[in-house]
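Colleague: I would like to go through this model with you, one contact at a time. Please reason briefly and finish each reply on the item I ask for.

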Amino acid sequence: MGDPGAFTFSRLIRRNLANRLYRNIATIFVFALIAATFFSAQFLLNGAEQSLDKGMSRMGADILVLPEENAMAGQNILLTGQPTSFFFADSGFERISNIPGVAEASPEIFIATLFASCCAAPVQMIAIDPENDFTVSPWLAENAGVKLGQDDIIIGSNIIQNVGKDLMFYGHNFHVVGILDPTGMGVDNSVFTRIEDAYVMAAESDTKAVRKLTIPEGKVSAVLVRVEPGVSPSTVATRVEEEIPGTETILPDGLLSAVKGQMVAMTTLLYGSALAVTIIAIPLIGVVSAMVAHERRREVALLRALGATRRFVIRVMLAESFVLAIIGSLMGIGAAAGFLIIYQDYITYTLQVPLIIPSALTLLAGGAISLFLAFGIAGVSSLYPAYLIIHSEPFDIIRKGGV
Amino acid sequence: MIEATNLTRIFSNGHSEVRAVDKVHLEVNRGEFSMILGRSGSGKSTLLGMLAGLIRPTSGTVRIKGTDISSLSDDLISELRAREIGFVFQFSGLLPTITVIDNLMLPALFYPGKTDVRKRALGLLDRVGLSDRADAYPGTLSSGEMKRVAIARALSNSPSLLIADEPTGDLDVDTEFEIMELFRQLNGEGMTIVMVTHNPDLMRYATRIYGMEQGRLAEGFHSVHTGHGPMEPLH
């Protein structure tokens with residue numbers, strides 16, 4: 001139990017910090033900048049990785065087989081849902097199913113819609129075969145009671161419509177029966193329907209839509225493949241490419257590498273900025289701390305004369321520095337998190353990378369690392385002021401001027 | 001109470017050496033009011049700093065209550081200072097960013113285990129006649145009030161020794177009288193005081209007088225209280 005009303009260490013720190021408000025605000029800003037850049041870099045990297053994990057898990061496939069000339073477009077559909085339509089030159093679907101190591105194969109048709117009431121831009125329609133699909137079927141299994149029937153659609157989380165309402169594409173009315181969980185990938189900007197409904201929509205488009213949609217009979221845009229247990233997906237992918245010329249396969253690992261490649265420039269920029277800010281911040285905060293220590297040498301000498309140990313004075317310096325680091329870091333992390341969450345879609349669109357808000361644990365870890373870094377900088381930049389204190393001759397300082 | 005033996009402090013600036021305090025022997029007994037008189041630069045403040053353990057002597061020893069402080073670590077000297085020594089400086093020595101009452105409670109931070117800190121601080125403020133200024137900031141006080149607060153703070157940890165370095169140096173005659181009367185009262189209550197000053201007019205308050213010149217100390221003046229001989233100015 002402390003002495004009520006007694007002057008405490010924390011009160012001393014609070015008063016000292018309040019006394020140098022403007023300079024401390026500048027120091028807080030530097031800490032905020034460091035924490036924000038590091039936190040942003042981690043947020044984006046983890047957000048992209050977790051998005052890919054979730055997106056690939058949603059896709060449910062080990063291999064995605066695409067027409068060679070449309071591989072990039074197919075990848076973009078997966079990553080960002082950038083709408084496009086393409087088809088295999090011939091139907092390789094049956095042959096893929098027969099390749100050794102393939103357990104299941106599911107065809108998909110990619111259709112770029114026209115503008116729709118739900119969305120500011122065309123969206124990606126993906127027509128599936130519910131009989132052997134493994135993209136939407138697992139979600140349907142988890143959501144008992146929901147069926148993808150005639151003219152039904154399941155929409156991605158970014159498509160603005162409620163379950164039970166209708167959406168019109170190419171003049172055809174679809175009924176929303178489900179909304180998928182967000183993944184940060186192209187799935188969020190896609191709508192899923194049955195292949196036979198897509199054919200009906202295409203047939204009607206000539207009279208109902210402003211532009212006719214053509215889906216070549218018997219042609220598909222992509223084939224999703226699941227390999228047999230114990231079989232390497234890359235081995236099967238190689239077989240697919242060898243046996244069916246004109247195809248290109250995409251594996252989750254390859255997609256992850258591609259995304260990381262896309263993010264290299266961004267992460268280099270972010271980590272580079274954070275490093276540059278840190279390199280500048282250490283001497284900057286050090287100089288500010290040294291200036292403060294120089295200004296406060298009489299105060300320090302007075303404390304020493306009153307019985308403060310050198311360790312106590314250094315503890316005061318470090319505590320003040322750490323408090324500024326905590327305040328700055330929390331502000332920086334908060335601002336960065338707010339900005340990244342609010343502008344998540346814009347970032348995804350601009351950088352063309354999948355992005356999801358990382359898990360709470362990842363966010364906490366990212367925040368902790370940023371905070372730890374700010375603490376490190378605060379500690380390092382307090383070394384010189386601490387040196388000044390240790391080597392000061394307090395009595396001489398007090399005599400030469402008033403406190 | 002304090003015993004300094006062969007105390008020497010040499011300051012060096014790389015080119016030359018200054019012997020600020022030169023082989024000083026000093027003994028201050030419990031309850032004494034010792035006053036060290038000397039001109040500026042005579043070494044009296046350096047001597048005071050060494051007596052309080054704030055300046056390390058080049059050679060010689062200082063014993064406070066029998067403990068050789070030159071052999072103590074920084075932590076132990078600081079603890080001793082917090083427990084046994086109250087300081088009053090020429091300048092107020094008050095932290096301008098905290099209130100008067102907080103200034104009084106500040107030394108308790110370095111003396112863990114102290115209880116009733118606030119109560120004692122308020123009592124001391126009352127003692128120096130400033131109980132109504134507890135929540136004021138030092139900048140709003142007159143120089144005399146600041147000095148009285150500084151004396152109250154010096155007493156806050158109930159020290160056995162009060163060290164004062166030119167405590168009336170920047171005060172007018174009336175305030176100087178007020179402060180010196182306070183010192184006289186404290187000494188009358190048994191407080192041991194060591195004070196340095198350049199003002200010979202203050203000698204009448206002391207029970208023991210020393211003169212200091214060019215780093216050397218000599219006992220050569222007697223207080224009017226003792227009635228031993230006339231006061232002579234230092235030369």
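Colleague: At roughly what angle do the axes of helix α1 and helix α10 of chain A cross?

Modeller: The model is a predicted one. In chain A, helix α1 covers residues 9-19 and helix α10 covers residues 310-342. Their axes come within 10 Å of each other, and the crossing is right-handed. The angle is roughly 65°.

Colleague: How do the residues of the contact of α1(A) with α10(A) divide by class?

Modeller: From α1(A) come Leu12(A), Ile13(A), Asn16(A) and Leu17(A), and they meet Val316(A), Ala319(A), Glu320(A) and Val323(A) of α10(A). By class, the residues of this contact are six nonpolar, one polar and one charged.

Colleague: Which helix gives the largest share of the largest nonpolar core?

Modeller: That core has 90 residues, and those touching the most other members are Phe31(A), Ile34(A), Ala35(A), Ile63(A), Val65(A) and Val225(A). Domain 1 (9-52 + 258-400) and domain 2 (63-250) of chain A each contribute at least three residues to the core. The largest share is 18 residues, and the source is helix α2 (residues 21-59) of chain A.

Colleague: Which residues does Ile34(A) touch, not counting residues up to four places away in sequence?

Modeller: Ile34(A) is among the core members that touch the most others. With residues up to four places away in sequence not counted, Ile34(A) touches Ala274(A), Val277(A), Thr278(A), Ala281(A), Gly332(A), Leu373(A), Ala374(A) and Ile377(A).

Colleague: How many residues are in the second, separate core?

Modeller: Members of this second core include Leu54(B), Leu124(B), Leu155(B) and Leu161(B). Its total is 86 residues.

Colleague: Which helix gives the most to the side of chain B that touches chain A?

Modeller: The contact takes 27 residues from chain A and 32 residues from chain B. On the chain B side, 17 residues are nonpolar, seven polar and eight charged. Helices α1 (44-51), α2 (74-84), α3 (100-105) and α4 (117-127) of chain B each supply at least two residues there. With six residues, the one that gives the most is α2(B).

Colleague: Is Val100(B) buried or exposed?

Modeller: Val100(B) lies in helix α3 of chain B. Contacts of Val100(B), not counting residues up to four places away in sequence, are Leu125(B), Arg133(B), Ala134(B), Ala136(B), Pro138(B) and Val149(B). Because Val100(B) has 25 C-beta neighbours inside 10 Å, and 20 or more are required, Val100(B) counts as buried.

Colleague: How far apart in space are Val100(B) and Asp135(B), C-alpha to C-alpha?

Modeller: In sequence, Val100(B) and Asp135(B) are 35 residues apart. In space, C-alpha to C-alpha, they are apart by 5.9 Å.

Note on methods:
Residues are numbered from 1 along each chain as its sequence is written. Chains are lettered from A and ligands numbered from 1 in the order in which they are written. This is a predicted model: local features need pLDDT of at least 70, side-chain atom pairs count only at pLDDT 80 or more; totals for chains, interfaces and linings use all residues. Axes are lines fitted to C-alpha atoms, for helices over the stretch in contact, and angles run from 0 to 180 degrees between N-to-C directions. Helices (H or I, at least four residues) and strands (E, at least two) are DSSP runs, numbered from the N terminus. A crossing is left-handed if the near helix is turned anticlockwise from the far one by less than a right angle, and right-handed if clockwise. Two residues are in contact if their C-beta atoms, placed from the backbone, lie within 7 Å. Ala, Val, Leu, Ile, Met, Phe, Trp, Tyr, Cys and Pro count as nonpolar, Asp, Glu, Lys and Arg as charged, and the others, Gly among them, as polar. A nonpolar core is a set of buried Ala, Val, Leu, Ile, Met, Phe, Trp, Tyr and Cys residues joined through C-beta atoms within 7 Å. A residue is buried if 20 or more other C-beta atoms lie within 10 Å of its own, exposed if 12 or fewer, and partly exposed in between; C-beta atoms are placed from the backbone. Domain bounds come from an automatic or database domain assignment.
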